[in-house]
Amino acid sequence: MAIENAAGFTIEDLIVKWEGFFDEYGYRAKITNTADVYPEEKSLFVDFEEMDRYNTELAEYLLDHPNTVIYAAKKAMKNVFPTGEDIVLHFRIKNLPKDTAVEIRKLRSKHLGKFLAIEGLVRKATEVRPKLTDALFRCMRCNAVIKEKQEGTRFKEPLECYKDHGGCGRAIGSTKFELLSERSLFVDVQKIEIQESPEGLRGGAQPQRLTAWVEDDISGIMSPGDRVVLNGTLRNVQKRESGGFRAKSTLFDIFLDTNSIELKEYAFEDVKITPEEEKEIREAALSKDLFVNLIGSISPAIYGMNVEKEALALQLFGGVPKHMPDGTRIRGDIHLLLVGDPGTAKSQLLSYISQLAPRGIYASGKASSAAGLTAAAVKDEFGEGRWTLEAGALVLADMGVACIDELDKMSPQDRSSMHEAMEQQRISIAKAGIQATLQSRCSVLGAANPRFGRFDEHRYISEQIDLPPALLSRFDLIFPIIDKPSDKDADMADHILRGHLVGEMREVSEEGIDMKLEKEEKDLIASYEPAFTPQFFRKYIAYAKRINPVMEKEAMEAIKDYYLSIRKMGEAEGSSIPITPRQLEAFVRLSEASARARLSKEITLDDAGRAIRIVREYLKRVAGEAGGFDIDILMTGTSKSQREQMIILRDIIQELTDRDGSADIKDIIDESSKKEISEGNVQTWVNRWSRDGEIYESSRGRYRFA
Ligand code: ADP
Ligand code: MG
């Protein structure tokens, strides 16, 4: 009854109610069973929804007065199953209704002392260590052993040798106490930091964090990167002022006293899709413009870059992760790298994708958190002397997309740990007492600037990508984005300027100014809107990701033929291996993603064709050298054929110089053409060596080594 609720419950009321609940919902047996197997199991877990069904007032009262209600529940448990002092069962409540969840950024003082459900990503977790709960002390004067309960983190000594514990009654001034740590009672505790999950964060806001304490049987369960719901009571502790004296401050820090943990299953299952939405998704998939629409749903404000956008769309769908019969796992995630001149919208694309992708995280390679991009074990203030395991971007983006800007600026430590994180998709940490393996099953979208800040036309693109070959080889696709004046400039300028105009018009109409938009203007605004709204796109992706397509024979043949043809092309030129098996895997992943995008269970020739077209574009731009592909340039800096050319050309110049004092460019070109080196290549090399100061122009058109 509502009146009863308004008046509040007495402890006795609550105990009676709990006993009734235990009876009605079969918890009696559970309590008995748990006590029987104690200490293997130490907790009784109660479903909030059942409680709510049993008595809504009680359930609501719990949310407002968790301490009292849980205290009463423990009493009721003792009544149901009387146990001695040495068995203390925990009472834990799970499955709180969605509407009681509070976002971390919305926590306020009114929430203090309330029972809350808080969802987030585990960012930090300390080692599990004992905490003193029931301290036993020996009185140095009379030898009596007395008990002092410990609360919080401040160590509490007895004020006197309590007479009612059989002591002598002397106060602390006239006796001393010795802590009997062997006989005292400890409980395992762990300190956790969670941060808001990326879904809740739109518009690139910094995620907020909350500290939580977990005790006893629920400690040590969570790892950094886990997605959890923590149910518990919000409490506060008084801060100490900074500075040497560390006086108490009037400011308080909040933390969650965790009652129970729910680990959330990952994947896209938690995106709810209604039957109507499913119908909409299926219809969208049938459209002949599907891929146009997908591309048009990625950062429409950015002009062009359609191949990149198509690749990004495929990355969002991803390939199929596979577990081989020999126990190995092959990743399905597609890793993409954009290397480009400054101001080519790389950062903008990354930030768009991080907001669009389910579980997208945006981070910068030069961000300086201890965890960096992967993870780290650190001993800092948070751990209060203990080791803390801290998750970086790739762990926090587990099952999502990690968008890493300024990848070329990452720390040396990250450079080495990225390899494992990207290929095995886990990160192993072994440091001090911490041995852990964290999952990083995410796709990586990286952006980097070229080695000298900007691409130099006179050098091969592949040697201007400033990342170690081992790391580069983990990217399925690498797109150089070169900013050079072109005939598309006018179009791009129009697009950007009109984009600003659209933005201005939208601002004005949001201010409530009644703007009569002409049809033309409305069309203009519409043309900057994504084909699929981000909400719909996310659902589409979630739906498509549930499909695990299988490759048809023709598709497999097509990929094999293409792969072999470019390997042959390399052979014919006498160059080193032109394309590696890693690219073969890239074809497969991209084809799988393409089939998923079409919601197809079969990977058809069309899907393989799409993958081939995108890989061909990438190879042409990165490794393409006079029509041939030489991935070796990318991975080592110079290809075999380049090295050979270089040696031959140097010999020619040297010979001509020996004969004539310096080498005439016409003679160099003539001699080179006999050795099948084109005039264009000669010019490139000569320009490059001149820039590098290796050769110089001694008189017009004549060169010699410096
Ligand atoms: P980067 O990270 O590559 O240095 P940014 O993402 O910071 O570049 O982009 C710089 C600015 O240039 C942004 O405001 C972006 O909108 C604009 N810009 C660059 N290229 C394009 C493009 N192709 N279409 C629209 N805007 C662009
Ligand atoms: Mg940038």
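**Exercise 1. The five-stranded sheet**

In what order do the five strands of the open sheet with parallel pairing stand? Work it out on this predicted model, then find the edges and follow one pair of strands.

*Solution.* Start with the order: reading across the open sheet gives β14-β17-β20-β13-β21, and the pairing is parallel. Next, look for strands that pair on one side only; these edge strands are β14 (360–364) and β21 (477–481). From one strand to the next, the twist averages 15 degrees. Now zoom in on the edge strand β14: five bridges link β14 in the parallel sense to strand β17, residues 401–405. To check the register, take serine 364, which stands opposite aspartate 405 in β17.

**Exercise 2. The surroundings of ligand 1**

Describe the shell of residues around ligand 1, going from polar contacts to covered area and then to composition.

*Solution.* Begin with the backbone. A backbone N or O atom of threonine 344 is 3.1 Å away from an oxygen atom of ligand 1, and for a backbone N or O atom of alanine 345 the distance to an oxygen atom of ligand 1 is 3.2 Å. Then turn to a side chain: in lysine 346, an N or O atom of the side chain lies 2.7 Å from an oxygen atom of ligand 1. As for cover, ligand 1 on its own has 570 Å² of accessible area, and the protein covers 70% of this.

The elements that supply two or more residues to the shell are α10 (346–356) and α14 (489–510). Of the elements, α10 contributes the most, with three residues. Widening the view, there are 13 residues around ligand 1, and those that come nearest are Tyr303, Gly343, Lys346, Ser347 and Gln348. Finally, sort the shell by type: seven residues are nonpolar, four are polar and two are charged.

**Exercise 3. The three-stranded sheet**

Which strands stand at the edges of the open sheet formed by β24, β25 and β26?

*Solution.* First write down the order, β24-β26-β25, with antiparallel pairing. The edge positions belong to β24 (663–664) and β25 (695–699); each has a single partner strand, so one side of each is left without a neighbour in the sheet. Then inspect the β24 pair: β24 and strand β26 (residues 702–705) run antiparallel and are joined by two bridges. Aspartate 664 has arginine 702 in β26 as its bridge partner.

**Exercise 4. A salt bridge across the sequence**

Count the salt bridges, taking a cut-off of 4 Å between a side-chain nitrogen of Lys or Arg and a carboxyl oxygen of Asp or Glu, and trace the one formed by arginine 123.

*Solution.* Recall the background: side chains of opposite charge can pair when their charged atoms come close. With this cut-off the count is 35 salt bridges. Arginine 123 pairs with glutamate 390, and their closest N and O atoms are 3.0 Å apart. Now place both partners: arginine 123 is in strand β3 (residues 115–126) and glutamate 390 is in strand β16 (residues 388–391), so their pairing ties together parts 267 residues apart in sequence.

**Exercise 5. Two backbone details**

Where do proline 39 and aspartate 216 lie, and what does the backbone do there?

*Solution.* Take proline 39 first: its place is the loop between α3 (27–37) and β1 (43–47). The peptide bond joining tyrosine 38 and proline 39 is cis, with omega about 5 degrees. Aspartate 216 belongs to the loop between β8 (209–215) and β9 (227–240). Although aspartate 216 is not a glycine, its phi is positive, at about 60 degrees.

Key: Residues numbered from 1 in each chain as written. Chains lettered and ligands numbered in written order. Predicted model: local features only at pLDDT ≥ 70, side-chain atom pairs only at ≥ 80, totals over all residues. Heavy atoms only, no water. Pairing = 2+ DSSP bridges. Helix = DSSP H or I, 4+ residues; strand = E, 2+ residues; numbered from the N terminus. Axes fitted to C-alpha atoms, helices over the stretch in contact; angles between N-to-C directions. Near = heavy atom within 4 Å. Polar contact = N/O pair within 3.5 Å; in protein donor to acceptor, adjacent residues only side chain to side chain. Areas by Shrake-Rupley, 256 points an atom, 1.4 Å probe, with all protein chains shown as cover. Nonpolar A, V, L, I, M, F, W, Y, C, P; charged D, E, K, R; others polar.
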